[in-house]
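Hi,

Here is the structure I promised to pass on. Have a look at it first, and then read my notes on two of its sheets below.

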Amino acid sequence: MTRIGCAASRAALGCAVVVIVGTAIAADAESTQRITPNFKDADITQIAEAVSAATGKNFIIDPRVRAQVTMLSSTPMSPDAFYQAFLSILQVHGFVALPAGRVIKIVPDANARQYPSNDLPDHVSSTSDEIVTQVIAVKSVNAAQLVPILRPLIPQYGHLAAYPASNILIISDRASNVNRIMRIIQRIDQVGDADVEIVPLQNASATEIVRVINSLYQQQAASEGSANGFKLVADERSNSILLSGEKDSRLRIRVLIAHLDTPLQSGGDTQVRYLQNADAEKIAAKLKEQIAGAASGGAGGPPGSQAPASQSERGTIIWADPATNALVITATPKVMRNLMSVIDKLDIRRAQVLVEAIIVDVDLSKSASLGVNWAVYGQGSTAVPAAAFNSPVNGTSIADVVELVASPTTALANGTALPTGGILGVGRVASNGLNFGALLSAIRSDTNSNVVATPSTVTTDNQEATLKVASEVPFLTGQFTSTGSSNSSVTPFQTIQREEVGTILKITPQINEGGAAVMLKIDLESSSVVPKDAGPEGAVDLTTNKRTVSTRVLIEDGGIVVLGGLTNADYSRQETRVPFLGAIPVLGQLFKTRSGSADRTDLMVFIRPKILRTDEQSAIETNTKYNYIREEQRKVTTGEKEWLPILPGVKQPELPPMPPASQSTAPAPTSAAEKEKAGEEEYRSRVVPQKPASTPAPATPPATPPADAPAKPFTPTPDPPSTDSGHP
């Protein structure tokens, strides 16, 4: 083999080869052409000329095809290999060769998908860089699902699309890459070992086992980004599991199912659930209603048929044990799980609400009476006509006074009242002559009453609380008197009804979601008995004053709100006088009496709720009230210092100091046999209360006031006066 340089002539090389600068052509002994190309910074069109001369192919070069190419080779190659090397050069520089009949067009690869190429060849070479278009039929997987997987393997000038109707892929790219894509699809497009196995269960619930295994492997698949490789379906009718997937996956899942399908240590489908906060009897009744409703609602279908869920729910038995506040439930695993979920949400510790109320009743009453009574008459030989001005002042007139002076025993027996107030009298009373008398009466009465009642109560959320500080007062409702003959055997009698008179507070709190406010349903009554002499005229029995408030309010936790109020002011003035004479200045005062009264009533009701969420808050409020009452007792005890005690050595009763909170010291089980008794351990954990895990302990516990420290009762703080000139 010889090498011919770039200066050789065309005749020296023969007719089959054209010599290009930088190209050497050799012929072996068998007249087989071998080419050893060597180019350095040669124009790509010169290389195309050399390929055309060596292979006999005709090229049409796009004007945009421009590049300086360097190609070095130390071994000879055939014309076909030389052409494949030329295609590789075009790929490196971003060009592509597209056959069009007997010519080959060389264009930039950006336009490759717009030109026809080697379409649907019988064989796609794994080493060629020519552009080919191939249609691949996918058999076992979805062709559309392969597009996002294979798209990153296709260059920008290539084309990849799926036709879902025929489940085929259309690929247009260089032959080597198309061959690689076809081999990848061949590995993916395989039918898995998807046999279905039926796994019957003896103890566990098929639905529960499927839920647990799917939950386990879904989390694993999400973390690893891979599929499970199997599928589980529960058949509740036969309590079996349908398992499909690869053989290895099925074997692994069967082993896991065998471990989970084990009998319970307690045995059977009966469980005893000890309640911590709720009432077992009430919860049992509600659960029975739920089961009955679910059983009746699930029994649809043709006559004589019954849904599987309805059959399992009809076999459920629930009863309560009041002695231990426990529920005994017999049900299938599915129903048992649903019931336990409901019990978990109902058997919770409910918050308590401390409700403090203030009832303020201020009564101011003032009255005054002023008047003159006089009389002139003669006795004996003196003939003086009688004259008098007699008008009672505060219920007493001059005639009453004269009667009391003349014959006090008879006057008192006749019901004459003793005079009240200031009385100034002057006159002469004799058996003959001129008699006269004058009486000046004046009286003023001021009554001030200030009643403050502070009832308070503690109740749980949505639980009504009633606080009564009242007396039962008898009221006459009827009577019977025998009016027949003396031989009648009917005994006279009276019917009496006792009514509660005092302060009665009924309240139902409802804590809003989030615990920021409390909805209160309040029924408040404050009543008192009116004395007979102060009651309204015409009353035949006792009279009561009653003030009630019935409302619903929304109050922030720890806030104070006024529920209602009443301000009433009455003023009256009365004057009794003789016509014409009473209008005379100065002298007219002898012919008139005056009286007046002014009454003012102020009634306000305040209330404040406070949510007690933890044991510490309840203990603080209890200690506050306890120490307040104890301090009041100590004030009474220390205030009485008798010089000569009547009962020496006898002390008044007094509350002891608040004892510290004690903790239970119940012994823990020591033997293994005791630990195996799950019911007894659960009951013991219920009897010995522990701090719930859901309530975190505060970083700094609230300070508890000392036992001897006096505590102040709840007192509303008035708002500061407004600085606005438009308001007082």
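**Two antiparallel sheets**

Strand 23 (residues 493–511) and strand 24 (residues 517–530) run antiparallel and are joined by nine bridges. Before you go on, please keep in mind that this is a predicted model. If you want one pair to click on, try Leu505, whose bridge partner in strand 24 is Leu524.

These two strands belong to an open sheet of four, in the order 22-23-24-25, with antiparallel pairing. At the edges sit strand 22 (465–480) and strand 25 (543–556), each of which pairs on one side only. On average, neighbouring strands in this sheet are turned by 20° against each other, ignoring direction.

As a bit of background, the strands of a sheet pair through backbone hydrogen bonds, and they can do so in parallel or antiparallel fashion.

Now for the other sheet. It is open too, with three strands in the order 11-13-12, and its pairing is antiparallel. Which strands are at its edges? They are strand 11 (196–200) and strand 12 (230–235), and each pairs on one side only. From one strand to the next, the twist averages 20°.

Strand 12 pairs with strand 13 (residues 240–245) over six bridges, in the antiparallel sense. Here the pair to click on is Phe230 with its bridge partner in strand 13, Gly245.

There is a helix to look at here as well: helix 6 (residues 247–260) lies across strand 11, strand 12 and strand 13. Its direction is at about 155° to strand 13.

Cheers

Key: Residues numbered from 1 in each chain as written. Predicted model: local features only at pLDDT ≥ 70, side-chain atom pairs only at ≥ 80, totals over all residues. Heavy atoms only, no water. Pairing = 2+ DSSP bridges. Axes fitted to C-alpha atoms, helices over the stretch in contact; angles between N-to-C directions. Contact = heavy atoms within 4.5 Å.
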